[in-house]
Amino acid sequence: MARVMRVFRTLRNHWKKSTLAACVLSYGGHWLYGKHCDNVLRREACQEAREFGRQLIGPTERLKKATIILNPAACSGKANSLFEKNSAPILHLAGVEVKVVKVRCSEAALSARTDSVRCFCVQVITGLLRRADQEVFSQTPIGFIPLGSQNSLSRSLHSVTDNKVKHITTATLSILKGETMSLDVLQIKGERELPVFALLSLRWGAFRDAAATISKYWYLGPLKTQAAHWFSSLKAWPQVHQASLSILPPMPRPPDEPLHKPPRPGLLSRIVLRLKNYWDPPVEEPVKAPEPERWQEKEVSAVELSVSTHNKNPAQWRAKDSLLVCIEPENFTMGQFITVGTQKAEDPSVRSPSSEQLEAGACRLHLPQEGAGFYNIDNEEYEATSAEVRLLPRKLRFFCSAERRAELLAQAA
């Protein structure tokens, strides 16, 4: 008992050292517990992947192959380590032949001013859809593993979680399970450059310009977003952008094509069908001339203009294929500008209550020749010029988790 009292007396006499030691031990224990939980998640994911690897392969079946296009600069240079720890063991245990291709953002290839850490998704999608065989290649399912710090697309494909390890392992397992969803693609064609393809949105205006300066105020901590919009409003007010907008009405959605080809009919059925077509050939319908496109002109004076897809909830069925044009009004007060801008910095799909939303099949943006600023295409910065934006409905198929699909269907209902 005397020894215990001596220990308490020592802790009381050296209370500063005792407090520091308690803080260090608490933080260390919390860190070790987090590492243990991450290892448990990895072990559970590997055990689930091992069941896929134990499945027998027929003599005529091909080995599953996966080409991983990895950006080593993502997540402050930690992307390669995250992949090797969390994704690679799952793919190997499932019996997938993995080929890793490490690339970095090529500014010259895209003619864009972008950050090498963030330009990866746009570069990959644009490179795939610029191929000569893109019609065939676009039928190949694509897996998205969220290794970076900005994973806006992952919210549409996988369940949202704050645990990085769980997010990555869930996305990797969804590739093995084979559940897919079709996503729309934006084709953005400038006046001189090759088209750029995006999955989420194109933004142009004051909110985009202010968000691009947030990193300059890193020393303000949690107030850096509000500070960026406040200083932006001090430079010029009101921040109005003027342009000419032309839109096409949305088109009715055609029926979905089956993912699997129907089985070939039997020999007797094919012979009967050919004889029927020979004796009573079908009447060929005359080719209809395409109707001229009816563009609707509109002058725009707004704080921001954005063109986005409906990929925030790709599971929702829609009667028409359309893209969403959002026009933020020019009558914002400075307080409203900071409030809405802070919300848009966290989620660019946020709309103010007074915004005007139009659904269109395609749109053309005619911008001033000088001082147009920059576009933000899927969080990447491009020089703003007059451009035509068209929708490629359900162009690409992405692997997704069944849980996330169920959540999106519940939200749509």
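What percentage of the 413 residues in the protein chain is buried? Buried residues account for 39% of the chain. The structure is a predicted model, and its secondary structure comprises 14 helices and 16 strands. The C-alpha trace spans about 110 × 65 × 45 Å along its principal axes.

**Overall organisation**

- Among contacts between residues at least 6 apart in sequence, 78% join residues at least 24 apart.
- The largest nonpolar core contains 30 residues. Those with the most contacts inside this core are Ile-188, Leu-245, Leu-323, Ile-327, Leu-367, Tyr-375 and Val-389.
- A second core, separate from the largest one, has 21 residues, including Leu-70, Val-96, Ile-145 and Leu-173.

**Internal cavity**

- A search of the whole structure yields one cavity of 30 Å³ or more.
- The largest cavity holds about 130 Å³ of space. Its lining consists of 12 residues, of which Ile-188, Glu-193, Ile-377, Tyr-382 and Glu-383 are the closest to the cavity centre.
- Strand 14 (374-377) and strand 15 (380-383) each contribute at least two residues to this lining.
- Classified by residue type, the lining has seven nonpolar, three polar and two charged residues.
- Ile-188 appears both among the residues with the most contacts inside the largest nonpolar core and among the lining residues closest to the centre of the largest cavity.

**Buried polar and charged side chains**

- Asn-311 is placed in the loop between strand 9 (304-308) and strand 10 (320-321). Asn-311 counts as buried because its relative accessibility is 1%, under the 20% limit.
- A polar atom of the Asn-311 side chain lies 2.6 Å from the backbone oxygen of Leu-199.
- When residues up to four places away in sequence are not counted, Asn-311 touches Ser-156, Leu-183, Asp-184 and Leu-199. Leu-199 is thus named both in this contact list and as the residue whose backbone oxygen lies 2.6 Å from the Asn-311 side chain.
- Lys-344 is located in helix 13 (residues 334-346). With a relative accessibility of 1%, Lys-344 also falls under the 20% limit and therefore counts as buried.
- Leaving aside neighbours within four places in sequence, Lys-344 is in contact with Arg-203, Phe-207, Glu-304, Glu-328, Val-350 and Arg-351.

**Partly exposed and exposed positions**

- Ile-175 lies in helix 9 (residues 164-177). Its relative accessibility is 21%, and because buried means under 20% and exposed means over 50%, Ile-175 counts as partly exposed.
- Outside the residues up to four places away in sequence, Ile-175 touches Gly-143, Ile-145 and Phe-399. One of these, Ile-145, belongs to the second nonpolar core.
- Ile-175 and Ser-81 are 94 residues apart in sequence, and their C-alpha atoms are 20 Å apart in space.
- Pro-292 is found in the loop between helix 12 (267-279) and strand 8 (296-302). Pro-292 counts as exposed because its relative accessibility of 66% is over the 50% limit.
- Pro-292 and Ala-384 are 92 residues apart along the chain, with a separation of 28 Å between their C-alpha atoms.

Technical notes:
Residues numbered from 1 in each chain as written. Predicted model: local features only at pLDDT ≥ 70, side-chain atom pairs only at ≥ 80, totals over all residues. Heavy atoms only, no water. Core = buried A, V, L, I, M, F, W, Y, C linked by side-chain atoms within 4.5 Å. Buried < 20%, exposed > 50% of the residue type's maximum accessible area, 1.4 Å probe, protein only. Helix = DSSP H or I, 4+ residues; strand = E, 2+ residues; numbered from the N terminus. Polar contact = N/O pair within 3.5 Å; in protein donor to acceptor, adjacent residues only side chain to side chain. Contact = heavy atoms within 4.5 Å. 1 Å grid on protein atoms, 1.4 Å probe; cavity = no way out; pocket = protein on both sides within 12 Å on 5 of 7 lines; lining within 4 Å. Points joined across faces, edges and corners; volume = space filled by probe spheres on them. Nonpolar A, V, L, I, M, F, W, Y, C, P; charged D, E, K, R; others polar.
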